[in-house]
Amino acid sequence: MPFLVTARRSAADSVDVPLLVLAFRKHPTLAPELVALDAKLGGALGQTLGRREFRGGRDEVLHLSGAAAGANPQRVLLVGLGEPSDVPGALRRAASIAARQARKLGANALAWHDGGRGADTVEAVTVGLLMGAWEYADLKTPPPADERRPELESAVILSDDAAAASAVERGTAIGDGMALARRLAMMPGNLCTPSYLADTAREIAARHGMQVTILGRAEMEKEKMGSFLCVAQGTPQDPKLIALEYMHGPAGTKPIALVGKGLCFDSGGISIKPAQGMEAMKFDMCGAAGVLGAMESIARLALPVNVVGIVGSTTNMPSGTAVNPGDVVRSHLGKTIEVINTDAEGRLVLADVLSYARRFSPSAVVDAATLTGACVIALGHTASGVFGTDDRLVSDVLAAGTRAGEPGWRLPLYDEYKELIKSDVADVKNTGGRPAGACTAAMFLKEFAEDFAWVHLDIAGTAYSESDLTYIPKGPTGVPVGTFVELVRGRAR
Ligand code: BES
Ligand code: MN
Ligand code: ZN
């Protein structure tokens, strides 16, 4: 059952849904607009706030039993915002928590009391609600009907703002792109294959009238993509290079290109990974999922921009035909690469995709890749690593990430790192050893990012989470969809 968010003018005390959500900053008080609701609840809200049982701290939740029997709301959920500097961000987070709680409670509908915060926050609340209600249940047998909890089917945002309905629409466009990215990421590698990503791209293109180009192994051979193809030579699956063109900007303006790493499974290849945790390498296509999700959102938002989304997808497998350490390949750009470690495959794929991007004459290219474990060591799961050759583009991407609640942190591209990837036999080698592993990976990519302003996002730590994050369940986060959408939206203004 799809989850639907709408907006409506209504007072908190006259809602007709079982669960009413109220979001409070730290040190909450009973606002005049909640007095009638408090009366309906027999004074429970005012007493709870008065006794400081609920203090409005970030992520704090408290349930109150609701109105008299038979009347709504049957329950009230208080959610804390803390003392936010970023109010839309705090509301997005609180809304996500609220939707998750509603699902746990088995409420089929909730109402979010907006409290006159305005239409901009309605968009953020919508995204939060959609993200909190999201789940991936496609592969689980549902419990028998009599044991099933009601599903959360709808949320209504109570807002007096005339612009609330269009804000909900925008939030839904963004949330649906994020949900698409999460679903693709969560799908196991035997289902979400390079061909499946290509089919998904075709479907997005058909729905939104985008041009789509898909190269398989044969086409990539013609293009002389020796770097991408060496990763794909160990798998019988057809690798896919996917390009989606959304051209709704002024004619003749150069597009912005969004590029994603799409390793549907990364075993490491001949430099095979340890078994422990290897299943998480189905998430090695989160950059690609982010590109497809962002293209969906951008089209739904009808942004007046030119954007090209490009995905490089394959799997990295050991086999008798796989690339071996020590092998040298020639990239699409012409530079030769010595493959030291076959597990540093993402950069090999992206090298050729970045080079391919030149044919769209992009003004800027932003790639996203679950590229290095070293980035997870450097920044944890809190921020993506941000690298770039163009300070203006770097700061635009950082600002976009901040607006989207997807923080990034800039890391350097010092010339010294170039020394670490010098090869004895080829122009460059694909690993630089353990020191500054995220930086040498980015430095490798820089070798192939010619002719355009470029930013690289290392999302290895941020694209999925191996533990529950209160407001995001264990699994894919949707990063970098929000960053991509905000970046492109920033250009549309
Ligand atoms: N996909 C991995 C990076 C990764 C690690 C993503 C952990 C998410 C979580 C990438 O292809 C990889 O294997 N990188 C190697 C590079 C090394 C061989 C230079 C790594 O980080 O260990
Ligand atoms: Mn790898
Ligand atoms: Zn990988």
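## Glu-345, a buried ligand

In this predicted model, Glu-345 has a relative accessible area of 0%, so it counts as buried. That residue is a good way into the metal site, since its name turns up again and again below.

Glu-345 gives an OE donor to the manganese ion (ligand 2), and an OE donor to the zinc ion (ligand 3) as well. On top of that, a polar side-chain atom of Glu-345 sits 2.8 Å from an oxygen atom of ligand 1.

## The manganese ion

Who else holds the manganese ion (ligand 2)? Alongside Glu-345 (OE), the coordinating groups are Asp-266 (OD) and Asp-343, the latter through both O and OD, with distances of 2.0 to 2.2 Å. Read along the chain, the donor residues follow the pattern D-x76-D-x1-E.

The geometry here is irregular, because the angles among the 6 donor atoms run from 70 to 165°. Octahedral would need every angle that is not between opposite donors to stay between 65 and 115 degrees, and opposite donors to be over 155 degrees apart. As for burial, Asp-343 is partly exposed, at 22% relative accessibility.

## The zinc ion next door

The zinc ion (ligand 3) takes its donors from Lys-261 (NZ), Asp-266 (OD), Asp-284 (OD) and Glu-345 (OE), at 2.0 to 2.4 Å. In sequence that reads K-x4-D-x17-D-x60-E. This site does come out octahedral, with 6 donor atoms and angles of 77 to 174°. For six octahedral donors, the ideal angles are 90 or 180 degrees.

Which residue links the two metals? Asp-266 coordinates both the zinc ion (ligand 3) and the manganese ion (ligand 2), which are 3.1 Å apart. Asp-266 belongs to strand β9 (residues 256–266), while Asp-284 is in the loop between β9 and α9 (286–300), so the pair ties together parts 18 residues apart in sequence. Asp-266 counts as buried at 3% relative accessibility, and Asp-284 is buried too, at 2%.

## Around ligand 1

Ligand 1 has 16 residues around it, and those that come nearest are Lys-273, Asp-284, Asp-343, Glu-345 and Gly-373. Asp-284 is also a zinc donor, and Asp-343 a manganese donor. By class, the shell breaks down into 7 charged, 5 polar and 4 nonpolar residues.

Besides the Glu-345 contact, the backbone joins in: a nitrogen atom of ligand 1 is 3.3 Å from a polar backbone atom of Thr-370, and a nitrogen atom of ligand 1 is 3.5 Å from one in Leu-371. On its own, ligand 1 has 510 Å² of accessible area, and the protein covers 79% of that.

## A serine in β10

Ser-313 is part of strand β10 (residues 306–316). Buried or exposed? Ser-313 counts as buried, at 0% relative accessibility. Its side chain reaches the backbone oxygen of Gly-262 at 2.9 Å.

## Backbone oddities

Most residues other than glycine have a negative phi, and most peptide bonds are trans. Here are some exceptions. Asn-72 and Pro-73 are joined by a cis peptide bond with omega about -5°, and Pro-73 is in the loop between β3 (61–65) and β4 (75–82). Val-479 and Pro-480 are also joined in cis, with omega about 10°; Pro-480 is in the loop between β19 (475–476) and α15 (481–492).

Then there are the positive phi values. Arg-52, not a glycine, has a phi of about 55°, and for Asp-59 phi is near 70°. Arg-52 lies in the loop between α2 (44–50) and β3, and Asp-59 lies in the loop between α2 and β3. Arg-52 is partly exposed at 43% relative accessibility, and Asp-59 is partly exposed at 23%.

Definitions and conventions: Residues numbered from 1 in each chain as written. Chains lettered and ligands numbered in written order. Predicted model: local features only at pLDDT ≥ 70, side-chain atom pairs only at ≥ 80, totals over all residues. Heavy atoms only, no water. Donors = N, O, S within 2.8 Å, 3.2 Å for Na, K, Ca; no water. Tetrahedral: all angles 85-135°; square planar, octahedral: opposite > 155°, others 65-115°. Buried < 20%, exposed > 50% of the residue type's maximum accessible area, 1.4 Å probe, protein only. Near = heavy atom within 4 Å. Polar contact = N/O pair within 3.5 Å; in protein donor to acceptor, adjacent residues only side chain to side chain. Areas by Shrake-Rupley, 256 points an atom, 1.4 Å probe, with all protein chains shown as cover. Nonpolar A, V, L, I, M, F, W, Y, C, P; charged D, E, K, R; others polar. Helix = DSSP H or I, 4+ residues; strand = E, 2+ residues; numbered from the N terminus.
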